[in-house]
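Visitor: Please walk me through this model. I want the cut-off behind each term.

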Amino acid sequence: MSKHQISRRSALKLFGAATATLAMGGVVPITACSTHKGEKLSKKRLVFFFTGTGNSLYVAKSLVADGGTALSIPQLLKEKDLNFEADEIGLVYPKYREIPEIVKEFLTRAQFKCDYFFGVITYGRHLRNDAQTLVDAMKEKKVKVAYVNGVKMADNRLQRFDMAQELKENDPAKIDAAIAAIVKDVDARKQFVITPDGEAPAHRPHAREHNFVGADEMFEITDACIGCSICEYVCPRGCYSVENDHAKAQGMCEQCLACAQACPQLAIAPTEGDANPKARYRNPNVSLREIERANSQMKL
Ligand SMILES: Cc1cc2nc3c(=O)[nH]c(=O)nc-3n(C[C@H](O)[C@H](O)[C@H](O)COP(=O)(O)O)c2cc1C
Ligand code: SF4
Ligand code: SF4
């Protein structure tokens, strides 16, 4: 270990993560489980989620707090059989201009059978017509979407927004009230699709068909890196490797920013710019360990 290096455990502690993992009452299993295979789950509600910085995970946890199971999409994608049957099935994900690539991949492979299908999209600025995008995507799978709503939360695009400011500007009580209202709607199996809050972005003829970027183009890893491996564990695409106490990023990057936001050394610098290189974000109700368990492509 070099003199700058601290152990992974110390890094987790420094970043305030170690405390939170087991401290939550009624923690939901957030990794893939095999119980979905074959039979109808005894739990009536299944919620599939993807998260980079915990906003969507917090919403998913809230939706199953009184029963049900939240399952992480990056973990489920490791499985062959993605046939799900439950009374109620929900999807929770962050808006990345539209549906994140990893969620699209899941939707392409998975089959759903349920009485009530719902979606919740977390976003930082505008939802626009994203609810309808989900309805249309599910129509192709012959699934009727009964309910889609959005929750405005801290915008985690650190290239554009100062994370310290985002934390200040997003009132936790307001967010909790919005989530509680959605949970109530879903419990009552309400039929509702939120209307666009503004124009859909104009069609860009040269837009890429996907939103992947090379992880090496997306980030520079600075000398502040101590090789703690947290980036390796939070990346849902397995883009990181640590050698000689220094992290390296390569491969298809989802742009979720989990790595840059979680690095305890602030050593992952987005090449596109950094609104406040000293401020990073994780949803206050979610531990680093939960994000690792949701996203890790490594053995935990
Ligand atoms: C690549 C990327 C693209 C995003 N695009 C939008 C957007 O177009 N509109 C918006 O309101 N928020 C956008 N956001 C903000 C996220 O949707 C928002 O912060 C979300 O709650 C993050 O959820 P998470 O913590 O579960 O990852 C984007 C975030 C990322 C990382
Ligand atoms: S870049 Fe990765 S390995 Fe290096 S300090 Fe940050 S999280 Fe740890
Ligand atoms: S490299 Fe970072 S931003 Fe890209 S997928 Fe991995 S964790 Fe997300």
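**Ligand shells and one helix**

Guide: Ligand 2 has 14 residues around it, and the closest are Cys225, Cys228, Cys231, Ala247 and Cys263. The model is predicted: local features need pLDDT of at least 70, side-chain atom pairs count only at pLDDT 80 or more, and totals for chains, interfaces and linings use all residues. Residues are numbered from 1 along each chain as its sequence is written, while chains are lettered from A and ligands numbered from 1 in the order in which they are written.

Visitor: What makes a residue count as near a molecule?

Guide: Its C-beta atom, placed from the backbone, must lie within 6 Å of the molecule. For ligand 3, 14 residues are in the shell, with Cys235, Cys253, Glu254, Cys256 and Cys259 nearest.

Visitor: How are the residues of the shell around ligand 2 divided by class?

Guide: Ala, Val, Leu, Ile, Met, Phe, Trp, Tyr, Cys and Pro are nonpolar; Asp, Glu, Lys and Arg are charged; the others, Gly among them, are polar. On that scheme the ligand 2 shell has 11 nonpolar, 3 polar and no charged residues. The ligand 3 shell has 11 nonpolar, 1 polar and 2 charged.

Visitor: What surrounds ligand 1?

Guide: 24 residues, of which Gly52, Asn55, Ser56, Pro94 and Thr122 come nearest. By class they are 7 nonpolar, 12 polar and 5 charged. Domain 1 (25-193) and domain 2 (213-295) each give at least three residues to this shell; the bounds come from an automatic or database domain assignment.

Visitor: Why is H8 called a helix?

Guide: Helices are DSSP runs of H or I, at least four residues, and strands are runs of E, at least two, numbered from the N terminus. H8 (residues 172-187) has 16 residues, so it qualifies. Its span is 22 Å from first C-alpha to last, close to the 22 Å expected at 1.5 Å a residue; the expected value is 1.5 Å times one less than the number of residues.

Visitor: Which residues of H8 are buried?

Guide: Ile175, Ile179, Ile182 and Val186. Buried means 20 or more other C-beta atoms within 10 Å of a residue's own, exposed means 12 or fewer, and partly exposed is in between; C-beta atoms are placed from the backbone.

Visitor: How do you know that they line one face of H8?

Guide: Seen down the axis of H8, the buried residues fall within an arc of 60 degrees, so they line one face. The arc is taken from the directions from the helix axis to the C-beta atoms. On the other side of H8, the exposed residues are Ala173, Lys174, Ala177, Ala180, Ala181 and Lys184.
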